[in-house]
Amino acid sequence: IAEHLGELAPDHAADFTANAEAFTGEIAGLEDSLDQIKAKDAGAKVFVTEPVPVYLIDAAGLDNATPTEFSESVEEGQDVPPATLLESLQLLDSGQVRVMIVNPQTGGAETTQVVDEEKSKNIPAIEFTETLPEGQTYISWMQSNITALSNALAA
């Protein structure tokens, strides 16, 4: 991208290249943080209220234990089927889930139920939004999510 932009605006080619190199370095820092989680907690089960953080979970080597139909229903703004809700509550009750990741921008009665269950079982929880919070860059936002996940796993 930097090369193409440099062709379009040659006077700024060096800026584009420098910014791309800096961004690549920052991404490498995120990957290093994810590798630290993977080295310590690979395979740990995580429950997500909807699928936004799934790529992050995968990159950290964690296991998304959430019933697919649960997170898809929440993402689509539909009711979670009763059998899927029961399966989700039983999973949280089983003691297998190490962390819950909640998107505060989505939810409903079923999300409230699983969050209440998470709290009653003292499962660490973090929030992960689907939009960039005001005042943050992509890198700072992702690093704060990775740090929160690491801290929750350590709790």
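Biologist: At what angle do helices α5 and α6 pack, and how far apart are their axes?

Modeller: In this predicted model, helix α5 (residues 82-93) packs against α6 at an angle of about 15°, and their axes are 9 Å apart.

Biologist: Why is α5 called roughly parallel to α6?

Modeller: Angles under 35 degrees count as roughly parallel. The angle here is about 15°, so α5 is roughly parallel to α6. The crossing of α5 past α6 is right-handed.

Biologist: Which residues make the contact between α5 and α6?

Modeller: From α5 the contact involves L85, S88, L89, L92 and D93. From α6, E110, Q113, V114, E117 and E118 take part.

Biologist: What makes up this contact by class?

Modeller: The contact of α5 with α6 has four nonpolar, two polar and four charged residues. Leu and Val count as nonpolar, and Asp and Glu as charged.

Biologist: Where does α6 lie with respect to the strands?

Modeller: Helix α6 (residues 109-120) lies across β1 (45-48), β3 and β4, and runs at about 140° to β3.

Biologist: What is the order of the strands in the sheet?

Modeller: The open sheet has four strands, ordered β2-β1-β3-β4, with parallel pairing.

Biologist: Why do β2 and β4 count as standing at the edges?

Modeller: β2 (63-64) and β4 (125-127) each have a single partner strand, so one side of each is left without a neighbour in the sheet.

Biologist: How do you know that β3 and β4 pair?

Modeller: Two strands pair if there are at least two bridges between them. Strand β3 (residues 97-102) and β4 have three bridges, in the parallel sense, so the pairing criterion of at least two bridges is met. V102 stands opposite E127 in β4.

Biologist: Why is S71 called buried?

Modeller: Buried means under 20% relative accessible area. S71 has 6% relative accessibility and therefore counts as buried. S71 is placed in helix α4 (residues 68-75). Leaving aside residues up to four places away in sequence, S71 touches V48, T49, E50, P51 and T66.

Biologist: How many helices and strands does the protein have, and in what pattern?

Modeller: There are seven helices and four strands. Along the sequence they follow the pattern α-α-β-α-β-α-α-β-α-β-α.

Biologist: What percentage of the residues in the protein is buried?

Modeller: Buried residues account for 37% of the 155 residues. Among contacts between residues at least 6 apart in sequence, 60% join residues at least 24 apart. The C-alpha trace spans about 60 × 35 × 25 Å along its principal axes.

Methods: Residues are numbered from 1 along each chain as its sequence is written. This is a predicted model: local features need pLDDT of at least 70, side-chain atom pairs count only at pLDDT 80 or more; totals for chains, interfaces and linings use all residues. Side-chain values use heavy atoms; hydrogens and water are left out. Helices (H or I, at least four residues) and strands (E, at least two) are DSSP runs, numbered from the N terminus. Contact means heavy atoms within 4.5 Å. Axes are lines fitted to C-alpha atoms, for helices over the stretch in contact, and angles run from 0 to 180 degrees between N-to-C directions. Angles under 35 degrees count as roughly parallel, over 145 as roughly antiparallel, 65 to 115 as roughly perpendicular and the rest as oblique. A crossing is left-handed if the near helix is turned anticlockwise from the far one by less than a right angle, and right-handed if clockwise. Buried means under 20% relative accessible area, exposed over 50%, partly exposed in between (1.4 Å probe, protein chains only).
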